[in-house]
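Work through the exercises below with the sequence and the structure at hand. Each task is followed by a solution in steps.

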Amino acid sequence: MVYYLPMTKRAYLFDMDGVLVDNCRYHVQAWLEFARRHGGHLTDAQVVAWMGAPGRDYLARMFDAPIDETRAAALLREKEALYREIYRPHLVARDGLVDFLSAARADGIPCAVSTGGTMDNVDYVLDGLGLRAFFAAVVDSSQYVRGKPAPECYLAAAARLGVEPSACCVFEDALNGIAAAQAAGMDVVAITGTNSRAVLESAHPTRVIDSFRELLA
């Protein structure tokens, strides 16, 4: 039996980075190395603060100028390949995630992934960890226009599942993601890792957890 607050939700929507996997530090490393290679300037704090936003937003901020779509796509392929190389030896699911997803499936609760990441990264995580079968829908950054904190990614995931937004519970690790879920009219459970409990609580999610095991009755 899966439980959370409130208990009337009928679908679970998961951010990927920082939620399915605790990989924030590896994205930070990749962005800093990518910026160094291209003469841009980023700090650890900036990368973390922007978590949840599409990669193209990172590029525009890093270069302090709009980036055309063709160049942005090439740059993001380079950065994400660098991230996957750095993270590969450390790829592991968040504590209790597989048990939680198994319980949700047993309870007939459909799940979706909704991420600001690319499909290459989605495939890397879902297939690398054998998680794909748990998700009835996947929404990546190519499937919506406005990234988090706009609610489009979560509204798209709810539509893919055929569930009203108010019937969804989102699992997030980033402030932009919490804001996106709230803007979509959804409850949101925030998980520590990318941000501390105190930082997450400042965004007023429905609940803050340290592990998915806390959600297993």
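**Exercise 1: the sheet**

Task: In this predicted model, give the strand order and the pairing of the open sheet of 6 strands.

Solution. The order of the open sheet of 6 strands is 3-2-1-4-5-6, and the pairing is parallel. The edges are strand 3 (137-139) and strand 6 (207-209), each of which pairs on one side only. From one strand to the next, the twist averages 20°.

Next, take one pair from this order. Strand 2 (residues 111-114) pairs with strand 3 in the parallel sense over 3 bridges. Opposite Val138 in strand 3 stands Val113.

Last, add a helix. Helix 5 (residues 97-106) lies across strand 1, strand 2 and strand 4 (168-172). The angle between helix 5 and strand 1 is about 150°.

**Exercise 2: Asp17**

Task: Locate Asp17, decide whether Asp17 counts as buried or exposed, and list its contacts beyond four places in sequence.

Solution. Begin with the location: Asp17 sits in the loop between strand 1 (11-14) and helix 1 (24-37).

Then apply the cut-off. Buried means under 20% relative accessible area. Asp17 has 14% relative accessibility and therefore counts as buried.

Now list the contacts. With neighbours within four places in sequence left aside, Asp17 is in contact with Asn23, His27, Tyr83, Thr115 and Asp173. For Asn23 there is also a polar contact, side chain to side chain, at 2.7 Å from Asp17.

Finally, compare sequence and space for one pair. Asp17 and Phe34 are 17 residues apart in sequence, and their C-alpha atoms are 18 Å apart.

Conventions
Residues numbered from 1 in each chain as written. Predicted model: local features only at pLDDT ≥ 70, side-chain atom pairs only at ≥ 80, totals over all residues. Heavy atoms only, no water. Helix = DSSP H or I, 4+ residues; strand = E, 2+ residues; numbered from the N terminus. Buried < 20%, exposed > 50% of the residue type's maximum accessible area, 1.4 Å probe, protein only. Contact = heavy atoms within 4.5 Å. Polar contact = N/O pair within 3.5 Å; in protein donor to acceptor, adjacent residues only side chain to side chain. Pairing = 2+ DSSP bridges. Axes fitted to C-alpha atoms, helices over the stretch in contact; angles between N-to-C directions.
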